[in-house]
Amino acid sequence: MSGSDILVLAEVHRGTLADITFELLAAARGLVGGSGGEVVALVLSENGAAFAPALGAADRILLVDHSALANYAPEPFLAALAEVVTARSPRAVLIGATSIGWDLAPLLAARLDAPLALGCKAISAEDSALAVTASFCGGKMVAELRIDRAPAVLMVLPGSFRAAEAAGKAQVEPCTLSASLEPAAIRFEEFLLPEAGDVDITQQDILVAVGRGIQQKENIELAEQLAQVLGGAVCASRPVVDQGWLPTTRQVGKSGMTVRPKLYLAFGISGAPEHQEGMKNSELIVAVNTDPRAPIFDIAHYGAQVDALELLPALVEAIGARKG
Amino acid sequence: MEPARPILWNVPHVSEILLYVLIPLVLVAFVAGTVWRIRKWFLGRAEPEAVSPGRLIVEALAPRRWGALAKTILFQSRLASDPFSIVMHQTIFWGMVVLFVGTALATIDQDVANLFFDSQVLRGAFYRWFELAMDLFGVVLLVGLAMAAYRRYIVRPARLVPTRSGISLLDSFPLLGTLALIAVTGFLIEGLRLAEGLQLGKQVSAATASAETLREHFRHLGPERQQAALARLARGEPVFPAGPWAPVGYGLARLLEPLPLGAVRGLHQAAWWVHALAAFALIVAVPFTKAFHLLASPANLLFRQDTPPGRLEVVAESGVDTVRDLTWRQLLQVEACTWCGKCREVCPAYQSGSPLAPCGVVQAVDAQLLRTPVRNGSAPSLHGTHIRPEELWSCSACGACDEICPVRIEHPRLIADLRRRLVDRGEVEEGLQDALVNLQRYGNSFGQSARKRPDWAKPLGFPLKDARKEEVEYLWFVGDYASYDVRAQEVTRIVARLLHAAGVDFGILFEKEQNAGNDVRRAGEEGLFSLLREKNLKELAAARFHKLLTTDPHTYNTLKNEYSLDGSGAFGPLGGNGHRARQPVLHYTELLDELLRRGALRARRPLDLAATYHDPCYLGRFNGVYEPPRRVLRTVGVALVEMPRHGPHSFCCGAGGGRIWMKDVPAPTERPAESRVREALALGVECLVVACPKDLAMFQDAVKTVGAEKRLRVADLAELVFEATRVPPEPSTLVEISHDRTG
Amino acid sequence: MNIGVVLRQVPDLIEPLEVDASGTALDLSAATFVVNETDDHALEQALLLKESGGGTVTVVALDFGEVDNTLYTAAAKGADRILKLAWDESQSPTPHRAAAALAEALRTLAPDLVLVGVQAHDELDGALAPLLAARLGWPYVGVIRGVKQAAEGGSVVVCKEFPGAVMARLVVRLPAVLGILGAEQPPRYVPVSRIRAAMKSTRFEEAAHAAGTGPAGIAVTHMAPPPAGARAEMIAGSDTEVAQRIVEILAQKGLLK
């Protein structure tokens, strides 16, 4: 372990590793490069050994096993994280911009008086310093930061790095800490789960949205098929819900839900401002509409001027072919 | 011997005394009840107009007011919609009028002429006609009542079911039944009396005189007239010579004649009492039942306010919580409601399944008014379960209720008053809150930068004059929707091109224009409206212009009726004479009409298009601009087909009163704009023409929702003018440049 | 419960943002300012707590970025006291500087609970809410949606938001700093008439505050808006070709599982 290691906080949420962990591992791998440092994954959990096989993208896995880490509360997590970082003095600590990360990254930086960068989208090593590209002001401004003091605490935006695949087998190293990990002022009580009902479109990563261009209720099925192969759900603009073709729980827009999926595929939606309001912050928007002047193309990243009803089955087929 | 009305025939002395004891009691109850109700009107606030009560009464007595009232009452001119309803209202009304006049004549005949002058009014030929008229109109009344009963109890149209209970003390008092009872017992009394007359006549002619009985019957006549009557009978003349002139009564008499004399007389006395008591009950019921509208409705018509319909009167900025926050005129209005339900039939909110019925709000206020004591009344709140926020937020302030109301209740004002209290408490509908926050922050509801307001003009290819810097003939107040809405911008540019082509000298305020506030005010945010008006007036006062031009009818309305508080339509700096120069406000359809008429624009390629025109509420109903847009359309070659709901009865697209900012109320039936599109589709026209940027957005959406994009084009009037006036062959020359500049 | 709420002014993203002459910082002189959205939620949450359990709400803010209107609005909404800390307008209130100033004022105020928006969009090298907690030496938890008084005295129950609409319920012993993501209800509307009334009746209080900076070793070397995202890149071709291309794009972005 040396000062050129990159420490990744593996995030465990309700018994599973969060996706961001693998994105952070990929970012860390890019940083260590040929420096001779290691990608070190830190698992703060109870019985964290179970996660080790999934963390093959790391070189080393540090396990802090403690009953106080069974569920998240800031104090024991921060105490454990700070002690490990102090002991190991890595070059950088990568933490995801998640519910937990928004607590731990700034708190860690404050406790260690370490430099902190929020909103990291790209990170690279430049001899003695780290160059960080950070997005802020709601994505309307991008800053290049230079950090030349270790450890740097970097809070990484989800979706900035392609998730790393488990390459091999990392070395697992259990840690014992001197700090007390018992929660003091903040105590976890329980998780409150959303009530089961229709699909919650606000929680989907992939949405296949249909508009008036879908023409008939029967054609919703085409969109359902695509959603199925993509692992997403179908949602709609107002006219479709008005017709009673889909329940109001699937409506996107001013009078419906506001969604922010990773992928929003819009079929036959012209993109009235009321609809845009509910989906314009999607990470990737692909719009299909026969009208080249449809306002949806103003906010989409990719567009195609073809008939949605023809394209839907073609897409299902193309994805099927690719998956083999 | 001439016939005369019998006086208290077959009425025993004790009944007679009782009758004259009851009459004053009934009158006292009626007057006391009426005074009690009227005092409640004055629980409210004063009206904003500084008019003395004396002046108000003088105005109410003006012949013009009475003329209008008479027209409304005599011809029930505001009620009639379908033939059934016309016949029903007219028969009941005229039946009651004639019978009331007849009863009044009978009172004069009995208690004045006979009592004091030993003479009668109802005698001879006049009495015959009187008998005939009373019978005929008794039948007329019964026919009307039967129709009413048929409708209320068999057809049962929903609009007649009141939406609230507890509106009067005796909600369930059977008014129709009592009226029918009075009419039927009236015929019975007459029939039994004539039947007795027939029997007596035979006895008399058989010379077995029942002189005592006859003397008893004629006891109210003076000695000479009594002798004459008895002598006439002794000669074998009929007891009631005018009997056959009362065909119904006479027919009944023929039927009842076989009964024993004692039974006839007994039944007659019973029917007489039922008749009298029913009539008394009806009179006493007036102040305590919905029949009170018989007094309140005419009073309301007489004390109506004559301000422009487009100006919303605002008394309390913080709105209305209890009936005491309303004005006396508003309280009089709620009392005038006849529960006819016409307002909800034309209400776009009610028709689309929203929880609002305008009469429901009126009736809810009326019910709370009843619960508010006249003395030191601490009034219960109108809000909460009584009038729910969802009801109030459903209103699109289209004014159709106000327009149709037979007794001229101003529902939109009431709703705006109630909304203001919700806003004051911070209880604002979600979508509306977003819009209001944006308007506070940016001066537009779109939440866009003020700097982007003139961006629509960028693709024009010619610069627009800055009305802040140079003098213009027309200052174009473009409005939020026309400036920021992507689809409306297209039309805004077309209007600009048309004005440019016609050589009109115009300019805009660029980023200094702010939302004019028409819908902000109607949504209930009076403070924000005042702020927006202050800011706009400051800009207008600094600019040099001669006329104000608007795109949005909502903007048009508030600029015209609510910006210049003196009603002069003047915005400029004060002149030396202390007055502002008058600067008229025009809608762009009015200006296009003028340009086409004077030849500044020429329809080179008439359109040959069948279209229908949607009257925007705030252009038509509130400001009476119906003809200019139609003239424009005809000039450019449009064959205009009217929708059933047009002119003052146009059906709102559902966007007004701030509704365009609010989320949809889950609607079990179709939205107003969809209903409107279907109405246009039924005409078989190719195009639905609009003259409001909000209409464009609403109807373009609705056309998609009903799946009629291919069958019906939604076009702004300016688009059609543009198509008809541009030079045909060269697509690069966008508009014909007219050289006969007159601007 | 006495609650301190921090309100920050941030550049309004509606207006175009500009970078100053140094090329490494926002040109704040060109910006217009609005209240930070999550701070607005923090105020709402504080008012809801006060309304349900009594106490006071004190707003603390730096005199920066047209803050007066925001403070009058807060007063109109029901804030009891308003502390406005003098601030040199030419200095950008970075999270570290702001935390130093605000922490000092809050320490003097000694409330039971401090509510701050969990983030502000212009934060780059620090987050104000946890920094305040660190300076005060109080516990902190953020990404909170909803705060309630706990049955046991001296603590509150909070809901911390996790993905998938999952909430974690935590009990927080006071005093503490909470990073608010959302109040239990959206911030209330204040009519203009009430704001105007508050302008006449509200007096801002001064408070002592300290200066401070963040850790060394980090610097902005360049700042610029991201490359303009123009209209959609149009994919031409037949249905099959378009489908192929879309699938390629999805695969590239790692969206095909």
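## Exercises on a three-chain predicted model

The contact between chain B and chain A takes 7 residues from chain B and 8 residues from chain A. The model is predicted.

### Exercise 1. The side of chain B that touches chain A

Task: state which element of chain B gives the largest share of the side that touches chain A, and how the residues of that side divide by type.

Solution.
- Step 1. Find the element. Helix α28 (residues 693–705) of chain B gives the largest share, 3 residues.
- Step 2. Sort the residues by type. On this side of chain B, 4 are charged, 2 are polar and 1 is nonpolar.

### Exercise 2. The side of chain C that touches chain A

Task: describe the contact of chain C with chain A by its residue counts, its elements and its residue types.

Solution.
- Step 1. Count the residues. Chain C brings 67 residues, which are in contact with 70 residues of chain A.
- Step 2. List the elements. Those of chain C that give two or more residues are α4 (128–136), β7 (140–149), β8, β9, β11 (218–224), β12 and α6.
- Step 3. Pick out the largest share. α6(C) supplies it, with 10 residues.
- Step 4. Sort by type. The side of chain C divides into 45 nonpolar, 10 polar and 12 charged residues.
- Step 5. Look for strand pairing across the two chains. Strand β9 (residues 141–147) of chain A runs antiparallel to β11(C), and 6 bridges join them. Within this pair, Leu145(A) stands opposite Val220(C).

### Exercise 3. Helix α6 of chain C

Task: work out how helix α6 (residues 239–252) of chain C is placed, starting from its span and its buried residues.

Solution.
- Step 1. Check the span. The helix has 14 residues and reaches 20 Å from its first C-alpha to its last, close to the 20 Å expected at 1.5 Å a residue.
- Step 2. List the buried positions. In α6(C) these are Asp239(C), Val242(C), Ala243(C), Ile246(C), Val247(C) and Leu250(C).
- Step 3. Place them around the axis. Seen down the axis of α6(C), the buried residues fall within an arc of 135°, so they line one face of the helix.
- Step 4. Relate this to helix geometry. An α-helix has 3.6 residues a turn, so residues three or four places apart point the same way.
- Step 5. Turn to the other face. The exposed residues Ala251(C) and Gln252(C) sit on the face turned away from the buried side of α6(C).
- Step 6. Find the packing partners. The buried residues of α6(C) pack against β15 (263–267), β16 (284–288), β17 (302–304) and α8 (308–323) of chain A, and against β12 (233–235) of chain C.
- Step 7. Look past the end of the helix. Gly254(C), which follows α6(C), has a positive phi, near 70°.

### Exercise 4. A sheet built from chains A and C

Task: give the strand order of the open sheet that includes β12(A), and explain why its edge strands each have one side left without a neighbour.

Solution.
- Step 1. Write the order. The 9 strands run β12(A)-β9(C)-β8(C)-β7(C)-β10(C)-β6(C)-β1(C)-β4(C)-β5(C), with mixed pairing.
- Step 2. Examine the edges. β12 (186–192) of chain A and β5 (81–85) of chain C each have a single partner strand, so one side of each is left without a neighbour in the sheet.
- Step 3. Add the twist. From one strand to the next the twist averages 35°.
- Step 4. Inspect one pair. Strands β8 (residues 155–162) and β9 (residues 166–173) of chain C run antiparallel and are joined by 8 bridges. Here Cys159(C) has Arg169(C) in β9(C) as its bridge partner.
- Step 5. Place the helix on the sheet. Helix α3 (residues 95–109) of chain C packs on the sheet and touches β1 (2–7), β4 (56–62), β5 and β6 (113–117) of chain C. The direction of α3 makes about 150° with that of β4(C).

### Exercise 5. Parallel pairing in chain A

Task: name the two strands of chain A that pair with β5 (residues 60–65), and trace the partners of Arg60(A).

Solution.
- Step 1. Take β4 (residues 39–45) of chain A. This strand runs parallel to β5(A), with 6 bridges between them, and Val40(A) stands opposite Arg60(A).
- Step 2. Take β11 (residues 171–174) of chain A. Joined to β5(A) by 4 bridges, β11(A) also runs parallel to β5(A). In β11(A), Gln171(A) is the bridge partner of Arg60(A).

### Exercise 6. Chains B and C as wholes

Task: tabulate the secondary structure, box, burial and contact range of chains B and C.

Solution. Take each chain in turn.

| Item | Chain B | Chain C |
|---|---|---|
| Secondary structure | 29 helices and 9 strands | 6 helices and 12 strands |
| Box of C-alpha atoms along the principal axes | roughly 115 × 60 × 55 Å | roughly 65 × 45 × 45 Å |
| Buried residues | 48% of 743 residues | 49% of 257 residues |
| Share of contacts with a separation of 6 or more that join residues 24 or more positions apart | 82% | 69% |

Definitions and conventions. Residues are numbered from 1 along each chain as its sequence is written. Chains are lettered from A and ligands numbered from 1 in the order in which they are written. This is a predicted model: local features need pLDDT of at least 70, side-chain atom pairs count only at pLDDT 80 or more; totals for chains, interfaces and linings use all residues. Two residues are in contact if their C-beta atoms, placed from the backbone, lie within 7 Å. Ala, Val, Leu, Ile, Met, Phe, Trp, Tyr, Cys and Pro count as nonpolar, Asp, Glu, Lys and Arg as charged, and the others, Gly among them, as polar. A residue is buried if 20 or more other C-beta atoms lie within 10 Å of its own, exposed if 12 or fewer, and partly exposed in between; C-beta atoms are placed from the backbone. Two strands pair if DSSP finds at least two bridges between them. Axes are lines fitted to C-alpha atoms, for helices over the stretch in contact, and angles run from 0 to 180 degrees between N-to-C directions. The expected span of a helix is 1.5 Å times one less than its number of residues. The arc is that of the directions from the helix axis to the C-beta atoms.
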